Amino acid sequence: MKTTLLSLLLLATAVSIEAQNLPQTFQLADAPRYSEKTGYGFDRVDTPKKNSNDPFYFSVRVPDGNYRVTVRLGSKKQAGNTTVRAESRRLFVENLPTKKGEFVEETFIVNKRSPRISAKESVKVKDREKSKLDWDDRLTIEINGDAPVCESIHVEAADPATPTIFLCGNSTVVDQENEPWASWGQMLPRFLTDKISVANHAESGLSANTFISGNRLKKIMSQIKKGDYVFVEFGHNDQKQKGPGKGAYYSFMTSLKTFIDQIQEKGGQPVLVTPTRRRKFDKEGRTVNTHGEYPDAVRWIAAKENVPLIELNNMTGTLYEALGESGSKKAFVHYPMGSFPGQKKELADNTHFNPYGAYQIAKCVIEGMKKATPELTKYLKTDTSYAPAKPDNVDSFHWCPAPFCEMEKPDGN
């Protein structure tokens, strides 16, 4: 999204005017196409046709903040099975069945953001990010599923006291916008109630220091309030940095300390997360730590600064070993040529997850959260346990793909 200071100020003014119309219930039967004039409507793909099972999108122009969204799912004329995602494929409602004539309301909190920090500063958004739904001026809801049915969407500003979990990280955490890529951060909202928000600020290719230099931590600091949480997972890209002052116990440690200090100064709670393992096995079928000293550096500073730690590095190792060297491919972007529209070559990526893998790792994060921050368990939809050594059967995982694909892998490795 190419913006100038003037356009940002004009956008802020326009958004403020539009926001005065909330709360509002949007009846989808007679809703218009999205336009700058209306500030709401069907978006991105064709307006849904009667009795069609194609996914569709609905957008509402709103300023930065947390929004309480209630979708009324169902139809008087047909049975349905609906999945609801928001912004860049953040999962909220998963494969919800409704009988003909049955309606079910589901409520969740969606965080919406823009690059703007102040009149003088903005996040340094990459070229590949500029078209992402996470950074535009509207809140976008994706209605998907085997038979998607949605009567209305209600949008209102969330209670200002609603706690937020901010996510900082790289391509293993980010809201991946296009199939077949996915990350644990965009699956996390599926497991949480409508009493808490997840604001995923992670981006592919980032390290701890480039996250800071790109004004992304500053953006979070402009929104964070006392009682919020910030989950921080880096290491994949940091370990590739070479030169004087670089290294796990040098520049990386300094950056993590910066996160901790700034978050605590604002009254937030930092939570460090050891990096997810890459898919690499030794001759005995055990996963190999490809991150060198970086996981230990995260553990060390978490202990020294007395901040909670989620041990994702070890849990993902256990998960991949449980799936096996061959079976673990089903958790990553491994697809033969022609699996997706426009895919002209095989995809074989051992760092980036597909939706099934991201979903399993989100469950690992939830288990780690229970131990590191037990006070957050009250926000879980169901307090069921998950063992990485006994992952869900991949054949029982059902994901309705979004209508947008990208064959270029995310930044980072």
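Biologist: How many nonpolar, polar and charged residues make up the lining of the largest cavity?

Modeller: Keep in mind that this is a predicted model. In that lining, seven residues are nonpolar, two are polar and none is charged.

Biologist: Which residues are those, and what makes them lining residues?

Modeller: They are F92, F108, I109, P189, L192, T193, I196, S197 and V198. A lining residue has an atom within 4 Å of a cavity point, so each of these counts. Two elements, β7 (103–112) and β11 (197–200), give two or more residues to this lining.

Biologist: Why are T193 and S197 put in the polar class?

Modeller: Thr and Ser are on neither the nonpolar nor the charged list, and the others count as polar, so T193 and S197 go there.

Biologist: What is the volume of the largest cavity, and how many cavities get counted?

Modeller: The largest cavity comes to about 40 Å³. With a cut-off of 30 Å³ or more, the count is two cavities.

Biologist: And what makes up the lining of the second largest cavity?

Modeller: That one, at about 30 Å³, has a lining of three nonpolar, two polar and seven charged residues. Among them are R113, E129, K132 and D134; Arg, Glu, Lys and Asp count as charged, so these four belong to that class.

Biologist: Why is the space of about 660 Å³ called a pocket?

Modeller: A probe cannot get out of a cavity, whereas a pocket is an open set, so this space is classed as open. The largest pocket is lined by 23 residues, with A29, K50, N51, S75 and C150 nearest its centre.

Key
Residues are numbered from 1 along each chain as its sequence is written. This is a predicted model: local features need pLDDT of at least 70, side-chain atom pairs count only at pLDDT 80 or more; totals for chains, interfaces and linings use all residues. Side-chain values use heavy atoms; hydrogens and water are left out. On a 1 Å grid over the protein atoms alone, a cavity is a set of points where a 1.4 Å probe fits but cannot get out, and a pocket is an open set with protein on both sides within 12 Å along at least five of seven lines; lining residues have an atom within 4 Å of a point. Grid points are joined across faces, edges and corners, and a volume is the space filled by probe spheres set on the points. Helices (H or I, at least four residues) and strands (E, at least two) are DSSP runs, numbered from the N terminus.
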